[in-house]
Amino acid sequence: MNIRWNIILATIALVLLAWFYTLNQEKPDLTELIKAPESPEYIGEKMETTIFSPTGKKQYLAYSDKVQHYNNDGHTDFVNPVVYVLDIEGENKQTQSWKLTAKNAKLTKDNLLYLTGNVIAESLDKLSQLQKIETNQAIVNLKTQDITSDTIVTIQGLNFISSGLKMTGNLKQQIATLQEQVKTHYEINRQ
């Protein structure tokens, strides 16, 4: 009878040890499931975004290969963005007036668009005096349509091409002021 009790007690001890061992196993790290504060709130591929003004009118359209939105400071990063700025106050209301393209862009919550890498702003109005702006970096205020650049800028208009080291302007008013080392070439049409 001693042998039976020893076998039963040994079996119970082994079962208790196995159960205790499974309780003390390391659990998977759940911190991997929690989003880090510096990581994006959402990521999208091939996104199309429409932004409306406070009065409910379309203000601009944005297309991008990749979008990452960060809630910590409210900015959104775009890869290969194409932004169409709409004329919401002029004669041609709700028509696309400018097309902005770049390799990358960052949109802040105060509607400043920081464009970097092969930045091109093209007027979609064929009669506009200011037709195209090319630079490597630019900042566009999407509310006022002010544009600035501190890198070499080339602007093209009807019958002229100008370049300079810096630029300030306004897309809505079709104004661009070049600063420092400005060179302009005029084309004279004889009719």
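Me: What is the relative accessible area of Asp 65, and how should I read that value?

Reply: Happy to help! Buried means under 20% relative accessible area and exposed over 50%, with partly exposed in between (1.4 Å probe, protein chains only). For Asp 65 the value is 28%, so this residue is partly exposed. Bear in mind that this is a predicted model, where local features need pLDDT of at least 70 and side-chain atom pairs count only at pLDDT 80 or more, while totals for chains, interfaces and linings use all residues. Residues are numbered from 1 along each chain as its sequence is written, and side-chain values use heavy atoms, leaving out hydrogens and water.

Me: Which side chain does Asp 65 meet in a salt bridge?

Reply: The term covers a side-chain nitrogen of Lys or Arg within 4 Å of a carboxyl oxygen of Asp or Glu. Here the partner of Asp 65 is Lys 46, at 3.4 Å from N to O. The two residues come from distant parts of the chain, 19 residues apart: Lys 46 sits in strand S1 (residues 42-52) and Asp 65 in strand S2. Strands (E, at least two residues) are DSSP runs, numbered from the N terminus. Lys 46 has 66% relative accessibility and therefore counts as exposed.

Me: How many salt bridges does the whole structure hold?

Reply: The search finds two. Besides the bridge between Asp 65 and Lys 46, there is one between Lys 166 and Glu 180, at 3.6 Å from N to O. Lys 166 belongs to strand S12 (residues 166-170) and Glu 180 to the loop between strand S13 (175-179) and S14, so this pair ties together parts 14 residues apart in sequence. Both ends of this bridge are partly exposed: Lys 166 at 30% and Glu 180 at 45%.

Me: What about rings? How many aromatic pairs are there?

Reply: Rings of Phe, Tyr and Trp (its six-membered ring) pair if their centres lie within 6.5 Å; planes under 30 degrees apart are stacked, over 60 edge-to-face, the rest tilted. This structure has one such pair. In it, Tyr 63 and Tyr 84 meet edge-to-face, with 6.0 Å between centres and 80° between planes. Tyr 63 lies in strand S2 (residues 58-69) and Tyr 84 in strand S4 (residues 82-87), so the pair ties together parts that are 21 residues apart in sequence. Their surroundings are worth a look as well: Tyr 63 is partly exposed at 29%, whereas Tyr 84 counts as buried at 18%.

Me: Is Ser 149 buried or exposed?

Reply: Ser 149 is buried, because its relative accessible area is 2%. You will find Ser 149 in strand S9 (residues 146-149). Contact means heavy atoms within 4.5 Å. Leaving aside residues up to four places away in sequence, Ser 149 touches Thr 135, Gln 137, Ala 138, Lys 166 and Met 167. One of these neighbours, Thr 135, also shares a side-chain polar contact of 3.0 Å with Ser 149.

Me: And where is His 185 placed?

Reply: Look in strand S14 (residues 183-186). His 185 counts as exposed because its relative accessibility is 56%. Beyond residues up to four places away in sequence, His 185 touches Asn 159, Phe 160 and Ile 161. His 185 and Phe 160 are 25 residues apart in sequence, yet their C-alpha atoms are 5.6 Å apart in space.

Technical notes: Helix = DSSP H or I, 4+ residues; strand = E, 2+ residues; numbered from the N terminus. Polar contact = N/O pair within 3.5 Å; in protein donor to acceptor, adjacent residues only side chain to side chain.
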